[in-house]
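Biologist: I have a chain in front of me and some questions about how its parts fit together. Can we go through them one at a time?

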Amino acid sequence: MQNRFITFILLFFSLLQLQAVPKMSRDEVLDSLDKYLDQQEYYDTLARKRIDRMAGDLSRMRGHERALMRERIISDYMHINVDSALRQIVTAEAEARAANDTLALMRLQFLRLQAFPIKSMLHKSLDALEKINGNTLPQPVRRYYYRDAAQVYDYARDMNEQPDDREYFVKKSRLMMDSMLMYIPEDEFLHKYYKASSRLNSVGGAEAVTELTMMLDSLSRSDLLYARIAAEIANYYSKRGNNPERAEFFYALSAISDIVTGNTETTSLHRLGTLLYDRNDIDRAVKYLTVSLSRSVKSGARIRALEIAEALPLVLSAAKQRDSIQRRNLMIVLVCIGIVAMLLIAAVVVLWIQRGKLARMRQMLDRRHRIKDEYIRQLLSLCAVYMQGMSDMNKLTTRKLKAKQYQDLLEMLESGKLMRQQLQTFYEVFDDAVLNSYPDFIPGVNRLLQPDMQFHESDYKDGLNTELRMLAFMQLGIEDSQELAKFLGLSVNSVYTYRNRLKSRAINRDTFEENIRKLTKIY
């Protein structure tokens, strides 16, 4: 019971510690990684200069010190260019044989076994390891053997998809790591790291993650171990699948460290790209996998290049499908924009037409106002004529009565001469008003008549004839036959006769008079 309580307390504080570790959010770390990727050439140059400096220091070194420096160069090259690392191993082996340094030759042999899997020659390393018994090796080289053997078995685990094979190599790697711990002092950082790392896949995995996270905080991103620890923490979360954002966070930290140290193998960047693909972040997935493949090819790490090459087509296919969907959506948007543009153009055209109609209507209204003013003027003129006629008739009647010419006055009244004169004056003024105010009146009437029965210029050259004058009165709204008879000086029967005669000449007899009324209306 007490042990369970202690375990619970440790787990509780482990979770608190894990929550406190990240200084940035997952998105901020990814943004930071993007910036580091933009500067990868700069960091690659720094890595090459670092190796060049170590190579320059070799000339001042002898014996064991020189051999260890050469091995450091090989270890750095293992992460930058494995072919260069193998060439360095050949050179180092020649130097070790010349110095009769058997321990150095053994360490170089183990480094070579670590390089083979990177070049897709895993079977060579596994065959060689099967022939080596670590317990028979000299004690000073055992830690190197177990370290490199554990790395080889980790490569074997990654390259095998069968669960049984993977489990076998996991056990072999854990066995090598446990054996290595016996040859590393407990107060060394590496001892603490390997001990925590060996417990990641066991019951105490959560506590191990806490310890590794604390170790990560104590390291610089320029330390090769930083990328490895961050990747192992990310693997822990990725395998369990319960916290993909944490896995992405630590893979991003590991990838940043790989860039800073010039590591071109970039396993973490590849795995991060795969996770982002699963989360539908296609743009970053394509970018990270493409960069990872490019750097793996550059490093000569065939194992990683093949691994990435298997995942990249799927991601590129998803990106292509997404781009296809985006292009289709863009086409839909463009078509919609085109339709809207056509509707807007149509609306502008309709508006322009309506504005033209409004302009014409304003012109017609202006014209009607002028016609109204002209009608008023003609009416006033007609009134003036009648007033003058009444005045003349009054003077004539007065003069005849004073002169006692009663008979002459009676004859003038009975003959209707004065009435005819006034009526003729009225017709002259009316005809002039119609022809001047409505210049389209007669052409409009002709459009309503049959072609062979239309009015000619001779019918209105010296004024309107009786038929046109009747139509003019009807167009003004005077349709009653008795009223027309008074204005035209005709009998009602004569008016009926004229109206029927005009209808017989019309194209549409039934609507002729209605069409006459509409000739000067505004629509």
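Biologist: Let's start with a loop. Where is asparagine 100 placed?
Modeller: Keep in mind that this is a predicted model. Asparagine 100 does not sit in a helix but in a loop. That loop is the one between α5 (82–98) and α6.

Biologist: Is asparagine 100 buried or exposed?
Modeller: Its relative accessible area is 63%. The cut-off for exposed is over 50%. Asparagine 100 therefore counts as exposed.

Biologist: What is the phi of asparagine 100?
Modeller: Asparagine 100 is not a glycine. Even so, the phi of asparagine 100 is positive, at about 55°.

Biologist: Now the whole chain. How many helices and strands does the chain have?
Modeller: The chain is 523 residues long, and 42% of them count as buried. Strands number zero. The helices number 23.

Biologist: Which way does α6 run relative to α8, parallel or antiparallel?
Modeller: Helix α6 covers residues 102–118 and helix α8 covers residues 139–159. Their axes are 9 Å apart, at an angle of about 5°. Angles under 35 degrees count as roughly parallel. That makes α6 and α8 roughly parallel.

Biologist: How do the residues of the contact of α6 with α8 divide?
Modeller: From α6 come residues including Leu103, Met106 and Phe110. From α8 come residues including Val141, Tyr144 and Tyr155. The contact also includes Arg107 of α6 and Asp148 of α8. The division is 13 nonpolar, two polar and three charged.

Biologist: Arg107 caught my eye. Which residue forms a salt bridge with arginine 107?
Modeller: The partner lies in helix α4 (residues 63–80), while arginine 107 lies in helix α6. So the pair ties together parts that are 36 residues apart in sequence. Both partners are buried. The closest N and O atoms are 2.8 Å apart, and the partner is glutamate 71.

Biologist: How many salt bridges does the structure hold?
Modeller: The bridge between glutamate 71 and arginine 107 is one example. Another joins arginine 26 to glutamate 248. The structure holds 24.

Biologist: How many residues apart are arginine 26 and glutamate 248?
Modeller: Arginine 26 is in helix α2 (residues 26–38). Glutamate 248 is in helix α13 (residues 244–261). Their closest N and O atoms are 2.7 Å apart, yet along the chain the two residues are separated by 222 residues.

Biologist: Is glutamate 248 buried or exposed?
Modeller: The cut-off for buried is under 20% relative accessible area. Glutamate 248 has 0%, so it counts as buried.

Biologist: Which residues are linked in a network of salt bridges with Glu248?
Modeller: Glutamate 248 bridges to arginine 26. Glutamate 248 also bridges to arginine 279, with the closest N and O atoms 2.7 Å apart. Arginine 279 sits in the loop between α14 (267–278) and α15 (282–299). The network links Glu248 with Arg26, Asp27, Glu245 and Arg279.

Biologist: Are α19 and α20 roughly parallel or roughly perpendicular?
Modeller: Helix α19 spans residues 441–448 and helix α20 spans residues 466–475. Their axes are 12 Å apart and meet at an angle of about 100°. Angles from 65 to 115 degrees count as roughly perpendicular. So α19 and α20 are roughly perpendicular.

Biologist: Which residues of α20 make the contact with α19?
Modeller: On the α19 side are Phe441, Ile442 and Val445. Across the contact, six residues are nonpolar, one is polar and none is charged. The α20 residues are Leu468, Leu471, Ala472 and Gln475.

Biologist: Why are the buried residues of α21 on the same side?
Modeller: The buried residues of α21 (residues 481–488) are Ser481, Leu484, Ala485 and Leu488. An α-helix has 3.6 residues a turn, so residues three or four places apart point the same way. The buried residues therefore share one side of α21, covering an arc of only 105°.

Biologist: Which exposed residues does the face of α21 turned away from its buried side carry?
Modeller: The buried side includes Leu484 and Leu488. The face turned away from that side carries Gln482 and Lys486.

Key: Residues numbered from 1 in each chain as written. Predicted model: local features only at pLDDT ≥ 70, side-chain atom pairs only at ≥ 80, totals over all residues. Heavy atoms only, no water. Axes fitted to C-alpha atoms, helices over the stretch in contact; angles between N-to-C directions. Helix = DSSP H or I, 4+ residues; strand = E, 2+ residues; numbered from the N terminus. Parallel < 35°, antiparallel > 145°, perpendicular 65-115°, else oblique. Contact = heavy atoms within 4.5 Å. Nonpolar A, V, L, I, M, F, W, Y, C, P; charged D, E, K, R; others polar. Salt bridge = Lys/Arg side-chain N within 4 Å of Asp/Glu carboxyl O. Buried < 20%, exposed > 50% of the residue type's maximum accessible area, 1.4 Å probe, protein only. Arc of directions from axis to C-beta.
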